[in-house]
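Grab a coffee and work through these exercises with the structure open beside you. Try each task before you read its solution.

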Amino acid sequence: MKYFAALLIGAVFGLGIVLSGMADPSKVMNFFDLAGTWDPSLAFVMAGALLVTAPGYALLQRRRKKPVFDARFHIPARGRIDGRLIGGSLLFGIGWGIAGFCPGGSIPALGLGHREAYVFLVAMVAGMLIARRLLDMKVFTLAERPA
């Protein structure tokens with residue numbers, strides 16, 4: 001049941017990504033092009049997502065002691081803004097601006113025939129493997145290391 005729920009949630013998320021245009025790299029690039037062909041529609045997509053998600057999280061955390069399919073909620077241990085958070089955010093934003101894909105939008109883009117999404121996914125996985133290797137080498141540490 002846990003995996004069926006994950007599949008269903010992923011399918012709804014992917015459908016939302018496709019319908020909103022966030023799987024189209026040209027639409028995303030136009031969103032970032034403030035001085036040229038700026039397309040503000042993705043700002044409305046993001047704002048709509050926040051309007052649904054924020055109250056949902058607040059309600060969920062008040063009503064439930066643990067998730068349905070896990071022993072506890074996995075909330076980041078760190079609540080402060082630090083260099084790692086800023087650096088990671090910058091890398092994420094630069095990659096999104098260069099490629100026109102974010103991790104969530106790249107998966108549905110594969111099904112839409114965007115060949116660039118394959119290149120993006122390979123580069124993203126390579127970056128994750130490099131980060132994992134740097135963690136193993138203790139170049140930097142995480143409060144809660146991903147599994």
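**Exercise 1: A lysine past the last helix**

Task: Decide whether Lys-138 is buried or exposed, then look at its backbone.

Solution. Keep in mind that you're looking at a predicted model.
- Step 1: Lys-138 has a relative accessibility of 64%, so it counts as exposed, the cut-off being over 50%.
- Step 2: Now place it. Lys-138 sits in the segment that follows α6 (116-136).
- Step 3: Check the backbone. The phi angle of Lys-138 is near 60°, a positive value in a residue other than glycine.

**Exercise 2: The overall build**

Task: Work out how many helices and strands the protein has, and in what order its elements come.

Solution.
- Step 1: Count the elements, and you get six helices and zero strands.
- Step 2: Read from the N terminus on, and the order is α-α-α-α-α-α.
- Step 3: For the dimensions, the C-alpha trace spans about 45 × 40 × 30 Å along its principal axes.
- Step 4: For burial, 18% of the 147 residues are buried.

**Exercise 3: Checking the record against the model**

Task: Find which residues UniProt lists as "transmembrane region", and see what the chain does over two of those stretches.

Solution.
- Step 1: The unreviewed UniProt entry lists residues 42-60, 81-98 and 118-135 under that name.
- Step 2: Take residues 42-60. This stretch is 100% helix and 0% strand, and its end C-alpha atoms are 26 Å apart.
- Step 3: Then take residues 81-98. Here the chain is 89% helix and 0% strand, with 25 Å between the end C-alpha atoms.
- Step 4: Zoom in on Asp-82, which lies in the loop between α3 and α4 (83-99). At 13% relative accessibility, Asp-82 counts as buried, because the limit is under 20%.
- Step 5: Finish with a distance. Asp-82 and Phe-31 are 51 residues apart along the chain, and their C-alpha atoms are separated by 27 Å.

**Exercise 4: Hunting for a salt bridge**

Task: Which residue forms a salt bridge with Lys-27, and which parts does the pair tie together?

Solution.
- Step 1: The structure holds one salt bridge.
- Step 2: The partner of Lys-27 is Asp-39, with the closest N and O atoms 3.0 Å apart.
- Step 3: Lys-27 is in helix α2 (residues 25-32) while Asp-39 is in the loop between α2 and α3, so the pair ties together parts that are twelve residues apart in sequence.
- Step 4: How covered is the lysine? Lys-27 is partly exposed, at 23% relative accessible area.

**Exercise 5: A patch and a pocket**

Task: Name the residues of the nonpolar surface patch, then find which helix gives the most to the lining of the second largest pocket.

Solution.
- Step 1: The patch covers about 770 Å² and is made by Met-1, Phe-4, Leu-7, Leu-8, Val-12, Val-68 and Phe-69.
- Step 2: Pick out Leu-7, which belongs to helix α1 (residues 2-20). Its relative accessible area is 58%, so Leu-7 is exposed.
- Step 3: Turn to the second largest pocket, with a volume of about 500 Å³. It has 16 lining residues, and the closest to its centre are Ile-9, Pro-67, Val-68, Phe-69 and Asp-70.
- Step 4: Both α1 and α3 (41-63) supply at least two residues of that lining. The helix that gives the most is α1, with four residues.
- Step 5: Compare the two lists. Val-68 and Phe-69 are named in the patch and also among the residues closest to the pocket's centre.

Terms used
Residues are numbered from 1 along each chain as its sequence is written. This is a predicted model: local features need pLDDT of at least 70, side-chain atom pairs count only at pLDDT 80 or more; totals for chains, interfaces and linings use all residues. Side-chain values use heavy atoms; hydrogens and water are left out. Patches are made of residues with over 30% relative accessible area and no salt bridge: like charges are joined within 9 Å, nonpolar side chains (Val, Leu, Ile, Met, Phe, Trp, Tyr) within 5 Å. Accessible areas come from the Shrake-Rupley method with a 1.4 Å probe; for residues, only the protein chains shown count as cover. A salt bridge is a side-chain nitrogen of Lys or Arg within 4 Å of a carboxyl oxygen of Asp or Glu. Buried means under 20% relative accessible area, exposed over 50%, partly exposed in between (1.4 Å probe, protein chains only). UniProt positions are given in the numbering used here, feature names are shortened, and annotations may be inferred rather than shown by experiment. On a 1 Å grid over the protein atoms alone, a cavity is a set of points where a 1.4 Å probe fits but cannot get out, and a pocket is an open set with protein on both sides within 12 Å along at least five of seven lines; lining residues have an atom within 4 Å of a point. Grid points are joined across faces, edges and corners, and a volume is the space filled by probe spheres set on the points.
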